[in-house]
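User: Please go through the terms used for this model and set each one against its definition.

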Amino acid sequence: MDLQQGFVLTRHWRDTPAGTQVEFWLATDQGPRRVCLPVQPSVAFIPAEQRPRAEALLRGQDGVELRPLGLRDFHQRPVLGLYCRQHRRLIDLDKRLRQAGVDVYEADVRPPERYLMERFITAPVWFGGAADERGVLHEAQLKPAADYRPALKLVSLDIETSEHGELYSIALEGCGQRQVYMLGADSGARAAPDFALEYCASRAQLLQRLNQWLAEHDPDAIIGWNLVQFDLRVLQAHAEQLEVPLLLGRGGEAMGWREHGSGKHYFAAAAGRLIIDGIEALRSATWSFPRSAWSTSPRACSARARRSTRPTSAWTKSTACSPRTSRRWRATTSRTASWSRVSSPRPRSSTSCSSAPASPGCRPIAWAVRWRPSPTCTCRPCTARASSRRISATCRATAAPAASSWIRGPGCTSRCWCSTTRACTPRSSAAS
């Protein structure tokens, strides 16, 4: 058997009367290949000490077998293999056994994942098999191939909708193409765009043109920002409403669509094509953001990457940025987010703070805000009532020349702040 190198793109399984059929789509240097394995049994494990109870529950079940294995569970107990011909039947037996108090392990591992993990395969593989007239390999065998990385063809997908979710346009960039399909009539005006623009008379035609583009250019992966939860969700809703199948898979297969039980999350799959949502891919790599807007997350990524090379006195460009120590930073004014570094925890005059605007993404945090001393203002000691109020409510100037002319009273403790109306007065008023 001649072996070739490939890279696993997608994996699929289905139950048949003969057993569970497992197939993989691979990317190779010669193009995509579809390989089908021999029928696979489905297996789970139960402790050997619970065999009598399990056999009583499985009595009369055809196509089910318990086999002793040289394996142990985490409690160092010997285990038996529970083998079934169909995977869905194994799932049903798992529920029955658990309800009867029998411990069942790994019944939730799907057949493709079990085949790969038992052979220590991640994505690159050596593969071989018998090809049919369509080029599909049958009775295929796979084994790991270290360091093989083919060049994948990517396409970025983006759509535009109205505020009510009505589809207006579909944009595609990849495979050397930049294509936009727009709903409406061709006006004849051409501003020499750097992309191909085609007008469609209906939303059904938009979906048909998308299917044709994917079949013609045949990308290995479809990528996008919030691709599944927005773009594909809207396209799937239009496909169901207009009765136009969304053929995102290779071989003209429709996109697989599944909704989480909560109704707030969706899953998409396409035969032979990776579907990579930028937000979910970053989350799976342990990235997290205060917001997942396209305009916010890339800036946060850039700031995170630059953080190790920035001086400690610089602000991080993030919506959640904050000073490293509250005593080393003071606000220059109360109405802007301009921050400056000071050499001492409590500057004695306005000249000890130099104005240094923060990055555009920075926002001051309440506990980090301090009022600058000013030669034009003096304060009386804080009263008990004033000390319990926060600075946002108590140190906002209403009739003063400038908000920065208010400072903390000399009688205040470290946790209390002057009340503008009760504790702080301009110097001219205090003199009188």
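The exchange below takes up burial, contacts, strand pairing and the largest pocket.

Analyst: This is a predicted model, in which local features need pLDDT of at least 70, side-chain atom pairs count only at pLDDT 80 or more, and totals for chains, interfaces and linings use all residues. Residues are numbered from 1 along each chain as its sequence is written, and side-chain values use heavy atoms, with hydrogens and water left out.

User: Why does Thr20 count as buried?

Analyst: Buried means under 20% relative accessible area, exposed over 50%, and partly exposed in between, with a 1.4 Å probe and protein chains only. Thr20 has 0% relative accessibility, so Thr20 counts as buried. Thr20 lies in strand E2 (residues 19-28); strands are DSSP runs of E, at least two residues, and helices are runs of H or I, at least four, numbered from the N terminus.

User: What does Thr20 touch?

Analyst: Contact means heavy atoms within 4.5 Å. Not counting residues up to four places away in sequence, the residues that Thr20 touches include Trp13, Pro38, Gln86 and His87.

User: Which polar atom pair links the side chain of Thr20 to the backbone of His87?

Analyst: The backbone nitrogen of His87 lies 3.4 Å from a polar atom of the Thr20 side chain. A polar contact is a pair of N or O atoms within 3.5 Å; within protein, one must be able to donate a hydrogen and the other to accept it, and residues adjacent in sequence count only if both atoms are side-chain atoms.

User: What makes E2 and E3 a pair?

Analyst: Two strands pair if DSSP finds at least two bridges between them. E2 and E3 have six bridges, in the antiparallel sense. A hairpin of two residues joins these strands, and Glu23 stands opposite Cys36 in E3.

User: Why is E3 called largely enclosed?

Analyst: Five of the six residues of E3 (residues 31-36) are buried, so the rest of the structure largely encloses this strand.

User: Which strands are the edges of the open sheet E4-E6-E5?

Analyst: The edge strands are E4 (42-47) and E5 (64-72), as each pairs on one side only. E5 pairs with E6 (residues 78-84) over six bridges, antiparallel, and Leu66 stands opposite Leu82 in E6.

User: Which strand gives the most to the lining of the largest pocket?

Analyst: E1 does, with eight residues. The lining has 34 residues, and Arg11, His12, Arg110, Ala268 and Ala269 lie nearest the centre of the pocket. On a 1 Å grid over the protein atoms alone, a pocket is an open set of points with protein on both sides within 12 Å along at least five of seven lines, and lining residues have an atom within 4 Å of a point.

How values were computed. 1 Å grid on protein atoms, 1.4 Å probe; cavity = no way out; pocket = protein on both sides within 12 Å on 5 of 7 lines; lining within 4 Å.
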